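The following paragraphs guide the reader through a single protein chain and its ligand. Please keep the sequence and the three-dimensional view at hand while reading.

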Amino acid sequence: MPGLTADLFTDDALQQPPGKKRVGEQSYVLKGYALPWVERLLPALRQVLAQSPFRQMVTPGGFTMSAALSSCGALGWTTDRTGYRYTAIDPNSQQPWPALPETLRQLAVMAALEAGFDDFEPDACLINRYVPGAKMSLHQDKNEQCYTAPVVSVSLGLPAVFLFGGHTRSDKPQKISLLHGDVVVWGGVDRLRFHGVLPIKEGVHPQMGSQRINLTFRMAG
Ligand code: MD3
Ligand code: FE
């Protein structure tokens, strides 16, 4: 009975079994990899956000991003009318960004190892918050000093469809479904590929509520 089968494999059931899926030459989705870490990760995240709360930033083109951002670690990413950059100081608090919590750092380093990158020492963790309807348009991440280091991303809360494009904007992107607890490691030759996130669908996640939070760990300096 097709209806019954479909019902059994909706939502979180789709993220089983845990495993490593290659999505690019040097990129891997680690399904459910962060699930055992979530309980330690959320309190750390709460502390970070108390110090540097989410804010909606304006791009150099004058558009307000639909995702709200914060950062922790030695460097944080910001944008305003004058451009995109990493800074040591949170422009809102005028204080250094919150330190990178050890739990978050360990998760990122272990995930990178799992994907074959053994010298990953993140100095920046971007925190993106999406409410339903929020998205991220196709872009390249080009503000980091070192493009050989991977980016590690951790998805929490509502599901997302990640768009993984090519090296030019017009390359047709592949769609990758990312669920609560999924970790993706994007490395080497895939670092400069265009990518984005489709608008998040309405929904409520049992642990995270009506939002998606994505952490991206980088070697930015
Ligand atoms: C692939 N964030 O913060 S994370 C970003 O889900 C960003 O919030 C998205 O794109 C999000 O810049 C996607 C995954 C990601 C991050 C950086 C990449 C994938 C990447 C850099 C190169 C290739
Ligand atoms: Fe990006």
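Which residues does the UniProt annotation "binding site" cover? The model considered here is a predicted one, and the annotation, taken from an unreviewed UniProt entry, covers His139, Asp141 and His195. These residues span 57 residues in sequence, yet no two of their C-alpha atoms are more than 8.7 Å apart, so they gather at one spot.

Two of these positions may be examined in turn. His139 belongs to strand E9, which comprises residues 136-139. Is His195 buried or exposed? His195 is buried, because 22 other C-beta atoms lie within 10 Å, whereas His139, with 13 such atoms within 10 Å, is partly exposed. The place of His195 is in strand E14. When residues up to four places away in sequence are not counted, His139 touches Phe194 and Gly196. With neighbours within four places likewise left aside, His195 is in contact with Leu138, Phe162, Leu163, Phe164 and Gly165.

The same unreviewed UniProt entry type supplies a wider feature: "domain: Fe2OG dioxygenase" is placed at residues 121-221. In the model this span is 42% strand and 0% helix, and its end C-alpha atoms lie 11 Å apart.

Attention may now turn to the ligand. Ligand 1 is surrounded by 15 residues, of which the closest are Asn128, Val151, Ser153, Trp186 and Asn214. Which strands each supply at least two residues of this shell? They are strand E8 (124-130), strand E10 (151-157), strand E13 (183-186), strand E14 (195-197) and strand E15 (212-218). By character, the shell around ligand 1 consists of six nonpolar, five polar and four charged residues.

The interior comes next. The largest nonpolar core contains 38 residues, and those with the most contacts inside it are Ala108, Ala111, Cys125, Val152, Val183 and Val185. At least two residues of this core come from each of strand E2 (27-31), helix H2 (38-51), helix H3 (102-114), E8, E10, E13 and E15. H3 provides the largest share, five residues. Apart from this core lies another, of twelve residues, including Ala134, Phe162, Phe164 and Leu179. Cys125 offers a view of the packing within the larger set: leaving aside neighbours within four places in sequence, Cys125 is in contact with Ser71, Cys72, Gly73, Leu100, Leu104, Leu215, Thr216 and Phe217.

Two further residues deserve a look. Gln94 lies in the loop between strand E6 (89-90) and strand E7 (95-96). The phi angle of Gln94 is near 60°, a positive value in a residue other than glycine. Gln94 counts as exposed because it has 7 C-beta neighbours inside 10 Å. Gln174, in strand E12 (residues 174-178), also counts as exposed, with 12 C-beta neighbours inside 10 Å. Although Gln174 and Val23 are 151 residues apart along the chain, their C-alpha atoms are separated by 9.0 Å.

Finally, how is the confidence of the prediction distributed? The chain averages a pLDDT of 93, and 92% of the residues score at least 70. Over residues 1-6, however, pLDDT stays under 50, and the model has zero contacts beyond four places in sequence for them. Where pLDDT is low, the predicted coordinates should not be read in detail.

Technical notes: Residues numbered from 1 in each chain as written. Chains lettered and ligands numbered in written order. Predicted model: local features only at pLDDT ≥ 70, side-chain atom pairs only at ≥ 80, totals over all residues. Near = placed C-beta within 6 Å. Helix = DSSP H or I, 4+ residues; strand = E, 2+ residues; numbered from the N terminus. Nonpolar A, V, L, I, M, F, W, Y, C, P; charged D, E, K, R; others polar. pLDDT = per-residue confidence, 0-100. Contact = placed C-beta atoms within 7 Å. Core = buried A, V, L, I, M, F, W, Y, C linked by C-beta atoms within 7 Å. Buried ≥ 20, exposed ≤ 12 C-beta atoms within 10 Å, placed from the backbone. UniProt positions renumbered as here; feature names shortened; annotations may be inferred.
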